[in-house]
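Here are my notes on this model, as numbered points. Have the coordinates open while you go through them.

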Amino acid sequence: MGFWDTAGELAKKAGKFAYEETKKAKERAKEYEIEMPKKSDSQLLSIVRNERLTSPLRAGSAYKELKNRGYEPKDINWI
């Protein structure tokens, strides 16, 4: 196998991996959209504060739910 054959195979594997990860992320985002309306405001605030770096999809869903409940972005960040 030549250099370009090997490079092509690696590119295919990388593309497939990226596709699968994107698909999983979309599934998690849908799960979070279902989960967040069931949580209290204080639970949502805790998720936004504590999971921003470790689980940005979950924190983003919690943030979105707080906005849907009437909180302003500046209020969410100050609370």
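1. Start just past helix 3: the helix is followed by Gly70, which has a positive phi, near 105 degrees. Helices here are DSSP runs (H or I, at least four residues), numbered from the N terminus.

2. Some housekeeping before going on. The model is predicted, so local features need pLDDT of at least 70 and side-chain atom pairs count only at pLDDT 80 or more, while totals for chains, interfaces and linings use all residues. Residue numbers run from 1 along each chain as its sequence is written, and side-chain values use heavy atoms, with hydrogens and water left out.

3. Does the length of helix 3 agree or disagree with expectation? Its 13 residues (56-68) should span 18 Å at 1.5 Å a residue, and the end C-alpha atoms are 18 Å apart, so the two agree. The expected span is 1.5 Å times one less than the number of residues.

4. Which residues of helix 3 are buried? They are Arg58, Ala59, Ser61, Ala62, Glu65 and Leu66, where buried means under 20% relative accessible area, exposed over 50% and partly exposed in between (1.4 Å probe, protein chains only). These buried residues cover an arc of only 160 degrees around the axis, which puts them on the same side of helix 3; the arc is taken from the directions from the helix axis to the C-beta atoms. Exposed Pro56 and Asn68 sit on the face turned away from that buried side.

5. What does the buried side pack against? Its partners are helix 1 (3-35), helix 2 (41-50) and helix 4 (73-78), with contact meaning heavy atoms within 4.5 Å.

6. Take the pairing with helix 1. The axes of helix 1 and helix 3 come within 9 Å and cross at roughly 35 degrees; axes are lines fitted to C-alpha atoms, for helices over the stretch in contact, with angles from 0 to 180 degrees between N-to-C directions. Helix 1 contributes Ala25, Arg28, Ala29, Tyr32, Glu33 and Glu35 to the contact, and helix 3 contributes Leu57, Arg58, Ser61 and Lys64.

7. Don't skip Arg58, which lies in helix 3. Arg58 counts as buried because its relative accessibility is 16%. Leaving out residues up to four places away in sequence, Arg58 touches Tyr32, Glu35, Met36, Lys39, Ile47 and Glu51.

8. Last, the core. The largest nonpolar core has 9 residues: Tyr32, Met36, Leu44, Leu45, Ile47, Val48, Ala62, Leu66 and Ile76. Such a core is a set of buried Ala, Val, Leu, Ile, Met, Phe, Trp, Tyr and Cys residues joined through side-chain atoms within 4.5 Å. Helix 2 provides the largest share of this core, 4 residues.

How values were computed:
Helix = DSSP H or I, 4+ residues; strand = E, 2+ residues; numbered from the N terminus.
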